[in-house]
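Here are some notes for a colleague who wishes to read this model alongside its sequence. They are set out as numbered points, each on one part of the chain.

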Amino acid sequence: MAPGPEVGEFPEDSAECRILKRLGFSKPAIAAAADNAARRGTTIEQELLATGWIREEAYYAALARLAGLPFVDALDPEAVMDVEGMDVLLQRPTMLRVYDRRRAPSVAIIPQAGRMENLLDSIAAMPTLSKSLVVTTPSAMRAAVWKAGETRRALNVSASLFERQPRFSARIVMTGLQGFVLGAASAGAGLGLALFGGPVLLALHASVSSFYLAALALRGGALLYAVRELLPIDRHTPDEDLPVYTVIVALYREAPVAAQLLKALDRLDWPKSRLDVKLVCEADDRETIDALRALRPGPHCEIVEVPPIGPRTKPKALSYVLGAARGEYVAVYDAEDRPHPLQLREACHRFRHMPDKVACLQAPLIISNAQASWVSALFAVEYAGLFRGLLPVLARLRMPLPLGGTSNHFRTRILREVGGWDPYNVTEDADLGLRLYRLGYRCGVLRRQTLEDAPTEMGVWMRQRTRWFKGWLQTWLVVMRDGGRARREMGLLAYVVFHLLVGGMLLSALLHPVMLITVLSSVFAMLGAPRPPLSLLQVGLIAVDIVNVLGAYACFLGLGAVAMIGYEKRLIGWRWLAVPLYWMMMAAAAWRAVYDLRRRPFHWAKTPHKPVVVGQGASSTEPPQKLKWPRLWRRQKADA
């Protein structure tokens, strides 16, 4: 591989340079790496390894030969004792004691070029030292540590949030008090309907319609606010100010999109020496693991295998790897995502220019296959309204954000402080966004987007949406275990917004068929044979029901239309007319979620993904080349 552009002076007399020259590196290669190291706050050694100028195994084998020490490219996990505090080696592997029944214990070390002369001097002064040392690679040491402590780590991750902060954990689906209240309310409503049918039914109708209308008003207000033009920003952080950034991708049965994922991550505009990519796979998903290894990801990428212990969910996998994150910030992506190359730089810039209480930034998700089917078309409208319409307004007003499940950027310190993701919540994004808010933090939004594909088939959409509704139910139940405390933590206004967002979303989906049938039957009755005049209250409720149904459709389409550009709208075409059917599908998914929450609360319904096909006319899932990245986001204020 070419050494890169030559630069001017470099520290020829440094200990690191002297060792690298003894290993045979050319002056131009050292000079180019030294220039990058000076700008990025790394070492020449890190730059040479990160750019792929030399393979990790070959480099550390050469250091071993220089020191006269044996080299091993793999450590036996069974020869490693899992002790408290060993996980620090996952972030910074240095040395590890290895036990062998056949001989005395040895110490596996990761020599550094800058300190190699000290090691050589120590070996010369104490020749017996070389008998207890072996050289290995950082990857080999991390792999042994991962494997040796996998059971302990998985059990800890599964139980940590529940044991430390049980009020935030969804491990208990419903508390005894919640069950009692739900049962008493259901019994009371049933008894009231049996004894006083008309008045009780009217009261229930009025209550539900009023709440529905309030939830609709929130989205209507967001629509009016989103119409205002917001100023775009386009700022970048120079290389010399970039910290280490961790990118986590949880994969399960994703072999078909493995190559696409690595290409998308490789396009991220971030120095490889400052990038820490964790590809998290289930240990028994050999197909995905083998597909990733066959692609030989760069030295900045690490494949982590999660043992099949505890709930097999995405948040469990994310929390499992969180302790090994080296970055100041953490980004989470899905396997099919294609993030904007500058997204990490924008997130870094925003984090550094916003208060420390901003713990998370949500990038907008844009559906790139809207033309594939009417399901994906309306999914694209929904995502546009949520990520480019509603969430920016909520962020501007400093309200709680129901985060998306991908393209979240966190301050690593705060993410660990709040306990990471809840392994038992199948919509971990919404749960974490609300937990951050309750603990005094808030979330913002980004401008640079992530492209992903929506389900094109009704069955796939239904399984995914059922899981989402189930997770939102879990989140609502967790918050409402102690509603008074949640109100005090969030503040009254945010507490009301939470109910209108999460509760309103659930209730509007569950009762939409009832609302629609009520409206249609009322209209047909008024158009039919003469009947006794309706009371003012009944006329008012019918009017509210009509506003609720038509307003729900209007806000759904309006928020999406305001956020979308002309190209996206042309992909949708006339398929927006299927909105009533889409809402009925959401109702079916919501009722399935209620049933699923009782039957298998922690089951993760997998959404299959396929690689993107580009440049095949109507089947293309990417915008044409003339459509520049920044134009997919039309409005953004300078700060969230």
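**Notes on selected helices and one loop residue**

1. In helix 2, the buried residues are Ala 29, Ile 30, Ala 31, Ala 32, Ala 33, Ala 34, Asn 36, Ala 37 and Arg 40, and these pack against helix 1 (15-22) and helix 3 (44-50). Please keep in mind throughout that this is a predicted model.

2. The length of helix 2 (residues 27-40) can be checked against its residue count: at 1.5 Å a residue its 14 residues should span 20 Å, and because the end C-alpha atoms are 20 Å apart, the two values agree. Helix 2 is followed by Gly 41, which has a positive phi, near 70 degrees.

3. The corresponding check on helix 8 (residues 150-164) gives an expected span of 21 Å for 15 residues at 1.5 Å a residue, and the end C-alpha atoms are 20 Å apart, which agrees. Helix 8 nevertheless bends by about 35 degrees at Ser 158, and Ser 158 is itself listed among the buried residues of this helix.

4. Which residues of helix 8 are buried, and what do they pack against? The buried residues are Glu 150, Arg 153, Ala 154, Val 157, Ser 158, Ala 159 and Leu 161, and their packing partners are helix 5 (88-91), helix 7 (138-148), helix 13 (314-322) and helix 17 (428-438).

5. Helix 17 also meets helix 19 (residues 483-490), the two axes coming within 8 Å and crossing at roughly 70 degrees; that angle makes helix 17 roughly perpendicular to helix 19. On the side of helix 17 the contact involves Leu 434, Tyr 437 and Arg 438, which meet Ala 486, Glu 489 and Met 490 in helix 19. By residue class, this contact divides into four nonpolar, two charged and no polar residues.

6. Helix 14 (residues 343-352) is largely enclosed by the rest of the structure, because nine of its ten residues are buried. The buried residues of helix 14 are Gln 343, Leu 344, Arg 345, Glu 346, Ala 347, Cys 348, His 349, Arg 350 and Phe 351, so that charged side chains such as Arg 345 and Glu 346 are included in the buried set.

7. Ser 407 lies in the loop between helix 15 (374-396) and strand 11 (408-411). With a relative accessible area of 0%, Ser 407 counts as buried, since the cut-off is under 20%. Leaving aside residues up to four places away in sequence, Ser 407 touches Val 332, Tyr 333, Asp 337, Gln 343, Leu 361, Gln 362, Ala 363, Leu 365 and Thr 450; one of these, Gln 343, is also among the buried residues of helix 14.

Key
Residues are numbered from 1 along each chain as its sequence is written. This is a predicted model: local features need pLDDT of at least 70, side-chain atom pairs count only at pLDDT 80 or more; totals for chains, interfaces and linings use all residues. Side-chain values use heavy atoms; hydrogens and water are left out. Helices (H or I, at least four residues) and strands (E, at least two) are DSSP runs, numbered from the N terminus. The expected span of a helix is 1.5 Å times one less than its number of residues. The bend at a residue is the angle between axes fitted to the seven residues ending there and the seven starting there. Buried means under 20% relative accessible area, exposed over 50%, partly exposed in between (1.4 Å probe, protein chains only). Contact means heavy atoms within 4.5 Å. Axes are lines fitted to C-alpha atoms, for helices over the stretch in contact, and angles run from 0 to 180 degrees between N-to-C directions. Angles under 35 degrees count as roughly parallel, over 145 as roughly antiparallel, 65 to 115 as roughly perpendicular and the rest as oblique.
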